[in-house]
Structures are given as C-alpha cells and as structure tokens.
Amino acid sequence: MQRIDFDLDAGHEYVELNQLLKLVGIADSGGQGKAIVASGAVTVDGAVELRKTAKIRAGQTVRIEDAEIRIIDAHG
C-alpha cells in the first residue's frame with residue numbers, strides 16, 4: 001500500500017476531498033477527483049465518502065485503491 005502524508009498549509013484547517021485527490025496526484029483535476037469520489041471508491045476514516053467537497057481535516061485518513069493518505073497539521 002502506498003502511504004502519503006499530506007501537510008495542511010498554514011492558515012487552512014481543512015482541504016476539500018476532490019482537491020486533496022488532485023494535490024496528491026491521484027486525480028489529474030478537481031473534476032476527475034469529484035468523479036472518483038462519486039464512484040464510491042474513496043473512504044475517510046474507514047467509511048465510504050460520497051460528498052465531493054467533504055472537509056478533510058488533520059488526523060483523518062483517506063483511502064483509495066492501494067493508497068492511504070494521512071492528513072497532518074503542518075503548523076502543530
């Protein structure tokens with residue numbers, strides 16, 4: 001399984017799920033990220049997440065296929 005640590009930028013308390021998929025390179029665009037989420041292929045903390053713009057915060061774990069993305073608070 002590929003593990004990815006994603007640091008939230010300073011001043012941001014969350015990242016939208018479709019944008020997260022784009023930022024880590026799983027999706028080529030936000031639109032493709034939305035399609036991936038809508039397909040039911042993404043889980044957040046073990047539960048299927050269908051909200052394309054779900055707010056993903058530090059401490060959460062997103063999984064898709066063989067990738068696990070851990071969200072880390074870059075500013076402590």
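**Overall dimensions, nonpolar core and two local environments**

In the predicted model, the chain of 76 residues has a radius of gyration of 11 Å, which agrees with the value near 11 Å that a compact globule of this length would have. Along its principal axes, the C-alpha trace extends over about 35 × 25 × 20 Å. The accessible surface of the chain amounts to about 4500 Å², with 44% of this area belonging to carbon and sulfur atoms, and 33% of the 76 residues count as buried. The chain carries 9 positive and 12 negative charges, and the mean positions of these two sets lie 5 Å apart.

The secondary structure comprises two helices and seven strands, which follow one another from the N terminus in the order β-β-α-α-β-β-β-β-β. Among the contacts with a separation of 6 or more, 48% join residues that are 24 or more positions apart.

The largest nonpolar core contains 19 residues, and those with the most contacts inside this core are Leu-17, Leu-20, Leu-21, Val-42, Ile-56, Val-62 and Ile-69. At least two residues of the core are supplied by each of β1 (2-8), α1 (17-23), α2 (30-38), β3 (42-44), β6 and β7 (67-73). For Leu-21, when neighbours within four places in sequence are left aside, the contacts are with Ile-26, Ala-27, Gly-33, Ile-36, Val-37, Val-42, Ile-64 and Ile-69; of these partners, Val-42 and Ile-69 are also listed among the core residues with the most contacts.

A polar residue of helix α1, Asn-18, has a relative accessible area of 2% and is therefore classed as buried, given that the class covers values under 20%. Apart from neighbours within four places in sequence, Asn-18 is in contact with Gly-30, Gly-33, Lys-34, Lys-52 and Thr-53. Gly-33 thus appears among the contacts of Asn-18 as well as among those of Leu-21.

Ala-58, by contrast, is located in the loop between β5 (55-57) and β6 (61-64), and its relative accessibility of 36% places this residue in the partly exposed class, because the value falls between the limits of 20% and 50%. When residues up to four places away in sequence are not counted, Ala-58 touches Leu-8, Glu-13, Ile-71, Ile-72 and Asp-73. The C-alpha atom of Ala-58 is separated by 12 Å from that of Leu-20, a residue 38 positions away along the chain and one of those with the most contacts inside the largest nonpolar core.

Note on methods. Residues numbered from 1 in each chain as written. Predicted model: local features only at pLDDT ≥ 70, side-chain atom pairs only at ≥ 80, totals over all residues. Heavy atoms only, no water. Helix = DSSP H or I, 4+ residues; strand = E, 2+ residues; numbered from the N terminus. Buried < 20%, exposed > 50% of the residue type's maximum accessible area, 1.4 Å probe, protein only. Contact = heavy atoms within 4.5 Å. Rg over C-alpha atoms; globule rule 2.2 N^0.38 Å. Areas by Shrake-Rupley, 256 points an atom, 1.4 Å probe, with all protein chains shown as cover. Lys, Arg positive; Asp, Glu negative; His and termini not counted. Charge placed at Lys NZ, Arg CZ, Asp CG, Glu CD. Core = buried A, V, L, I, M, F, W, Y, C linked by side-chain atoms within 4.5 Å.
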